[in-house]
Amino acid sequence: MLATTVANRIHEIRDPIHGFIKFDSEERKLVNSGPFQRLRYIHQLALTYLVYPGATHRRFEHSLGVMDAATHIYDVVTNPENIYHDSVRSLVPRQADYEWGYWRRVLRMAALCHDIGHLPFSHAAEKELLPPGTRHEHLSRDHILGEELRPVFAEIKIQQEDVAKLAVGPKYYGKELSVWESILYEMIGGDVFGADRIDYLLRDSFHSGVAYGRFDHSRLIETMRILPREDRGSNEPELGITLGGLQTAESLLWARYFMYTQLYFHPVRRIYDIHLKEFLQEWLEGHRFSTSLTNHLAMTDNEVLAGLRQAAGDTSAKGHIQARRIVDRQHFRLLYETSPIDRELNLESVELVFAAAKQEFGADAVRHDPYESEGDAEDFPVYLRDGSIASSVNLSPTLRQGPSFAVDYVFIDQKSKEKAKTWLNANKSEIISPSRK
């Protein structure tokens with residue numbers, strides 16, 4: 001176990017979600033590093049604060065929260081009292097061993113680093129603003145393995161490669177993980193119980209002033225266990241829960257659904273992302289963000305906001321029109337969104353309205369914003385009161401077929417809004433007629 005000496009004292013930060021978040025002097029070296037401090041200048045929810053004024057929180061505090069939640073998960077699932085099977089007992093290091101403390105620290109530092117590769121304004125238009133096949137996780141990996149953080153991890157006495165594995169997972173690290181490493185990664189970035197998902201739902205809900213993202217995360221974490229998949233005839237362990245946490249797991253799933261439908265997919269929030277993407281594609285050199293680590297560290301929301309302000313006031317500047325749409329709140333307005341009645345008449349109703357609006361008002365005056373998720377099953381092991389293990393999908397209809405969410409918006413230039421609404425009211429039936437090609 002890694003001991004904390006007198007010189008390596010404990011520091012704490014007050015956080016509105018988790019109370020006091022603590023780290024020692026060795027870990028503070030990573031907190032104080034350039035790549036992590038840059039997250040103070042990256043908004044968690046892009047331009048959402050233009051719609052929900054309180055949503056000004058940053059990736060910095062989110063990453064601290066992920067570290068705190070991941071640590072709590074680790075301490076619960078590695079507690080000997082919470083280990084029920086020999087296959088798990090042989091996998092999990094004993095708390096008295098150095099290895100237990102080593103992996104605990106790696107997990108904490110990986111949680112801190114999981115977002116250091118984010119672009120300005122986080123997820124806004126990442127796909128279009130990076131080279132094909134590149135995502136922010138690749139940049140996070142490269143920073144973790146890079147020269148600037150090498151001496152930091154050496155002082156903390158952990159391996160860069162171990163941090164990178166747990167921070168971005170096998171898909172972006174580029175190599176398979178061991179069973180133990182896979183479980184640790186699930187504690188941070190897992191699709192069901194990951195600390196990343198737990199923190200962003202709670203934090204985004206709090207700062208936006210909405211209640212949709214709240215759920216009993218403390219109960220959920222306290223019921224987490226590492227369990228063999230006996231329901232599949234396998235002793236290979238996975239992260240699961242006891243039966244007492246099943247309803248809390250369901251509530252997390254519904255919290256995510258409501259946050260997407262009520263906050264993340266708010267139409268004004270979505271159109272601001274579109275305007276920001278179009279501005280950046282004009283304003284950035286080469287029309288994309290640089291993947292050079294030096295250039296990446298130098299580019300934050302602050303530089304983009306300064307560019308927006310300058311371009312909005314200069315008619316000759318690159319991205320002037322898009323900048324004015326953001327800075328002067330001249331964003332496009334919602335013209336049409338799908339409805340059950342229209343979809344029953346024609347599944348392609350939105351595409352038809354979009355095409356007709358472009359023809360009527362010009363392509364520059366219309367934008368289409370489609371997105372649809374799949375209602376995937378959330379399959380994980382559940383420890384029952386009789387000591388047996390069952391699959392979550394066999395115990396919960398909600399987890400068997402999770403809720404899907406979708407948006408399909410057509411936006412119109414503000415100047416054409418009233419004319420376009422009158423036009424659509426008069427012509428919608430003909431536009432979405434099933435016979436229309």
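**Note on a predicted protein model**

1. Arginine 329 counts as partly exposed, because its relative accessibility is 40%; the class "partly exposed" lies between buried, under 20%, and exposed, over 50%. The model in which this residue is described is a predicted one. Arginine 329 belongs to the loop that runs between helix H17 (320–327) and strand E5 (333–337). Its phi is positive, about 55°, although the residue is not a glycine. The reader may ask why such a value deserves a remark: most residues other than glycine have a negative phi.

2. Alanine 46 offers a second example of a positive phi in a residue other than glycine, with a value near 50°. Its place is the loop between helix H2 (34–37) and helix H3 (59–77). Is alanine 46 buried or exposed? Its relative accessibility is 3%, and therefore alanine 46 counts as buried. Arginine 329, by contrast, is partly exposed at 40%.

3. The overall form of the protein may be considered next. The chain folds into 22 helices and nine strands. What radius of gyration would a compact globule of 437 residues have? The expected value is near 22 Å, and the protein has 24 Å, which agrees. Along the principal axes, the C-alpha atoms fill a box of roughly 75 × 50 × 35 Å. Of the 437 residues, 54% are buried.

4. Salt bridges form the next topic. Side chains of opposite charge can pair when their charged atoms come close. How many salt bridges does a search of the whole structure find? The search gives 26. One of them joins the side chains of glutamate 27 and arginine 108, with an N to O distance of 2.7 Å. Glutamate 27 is in helix H1 (residues 25–31) and arginine 108 is in helix H5 (residues 98–113), so this pair ties together parts that are 81 residues apart in sequence. Both partners carry a charged side chain in the salt bridge, and each can be placed by its accessibility. Glutamate 27 counts as buried because its relative accessibility is 4%. Arginine 108 also counts as buried, because its value is 7%.

5. A further salt bridge links the side chains of aspartate 115 and arginine 59, at 2.8 Å from N to O. Since aspartate 115 lies in the loop between H5 and helix H6 (126–129), and arginine 59 in helix H3, the pair ties together parts that are 56 residues apart in sequence. Aspartate 115 and arginine 59 are both buried.

6. The salt bridge between the side chains of aspartate 86 and arginine 89 has an N to O distance of 2.9 Å. Where do these two residues lie? Both are in helix H4 (residues 86–89), three residues apart, which is about one turn of the helix. Aspartate 86 counts as exposed because its relative accessibility is 61%. Arginine 89 has a relative accessible area of 42% and is therefore partly exposed. Elsewhere, salt bridges that share partners join Arg229, Asp231, Arg232, Glu238 and Asp379 into one network.

7. Two patches on the surface should also be recorded. Which residues form the negative one? Glu186, Asp191, Glu372, Glu374 and Asp376 make up this patch. Among them, glutamate 372 is part of strand E6 (residues 366–372). With a relative accessibility of 66%, glutamate 372 lies above the 50% cut-off and therefore counts as exposed. The other patch is nonpolar: Tyr212, Trp254 and Phe258 make a surface of about 280 Å². Tyrosine 212 is found in the loop between helix H11 (195–208) and helix H12 (217–222). It counts as partly exposed because its relative accessibility is 36%.

8. A last point concerns serine 182, which is placed in helix H10 (residues 179–189). Serine 182 is partly exposed, because its relative accessible area is 28%. How are serine 182 and lysine 157 placed with respect to each other? They are 25 residues apart along the chain, and their C-alpha atoms are separated by 21 Å.

Methods:
Residues are numbered from 1 along each chain as its sequence is written. This is a predicted model: local features need pLDDT of at least 70, side-chain atom pairs count only at pLDDT 80 or more; totals for chains, interfaces and linings use all residues. Side-chain values use heavy atoms; hydrogens and water are left out. Patches are made of residues with over 30% relative accessible area and no salt bridge: like charges are joined within 9 Å, nonpolar side chains (Val, Leu, Ile, Met, Phe, Trp, Tyr) within 5 Å. Accessible areas come from the Shrake-Rupley method with a 1.4 Å probe; for residues, only the protein chains shown count as cover. A salt bridge is a side-chain nitrogen of Lys or Arg within 4 Å of a carboxyl oxygen of Asp or Glu. Lys and Arg count as positive and Asp and Glu as negative; His and the chain ends are not counted. The place of a charge is taken as NZ of Lys, CZ of Arg, CG of Asp or CD of Glu. Helices (H or I, at least four residues) and strands (E, at least two) are DSSP runs, numbered from the N terminus. Buried means under 20% relative accessible area, exposed over 50%, partly exposed in between (1.4 Å probe, protein chains only). The radius of gyration is taken over C-alpha atoms; the globule rule is 2.2 Å times the number of residues to the power 0.38.
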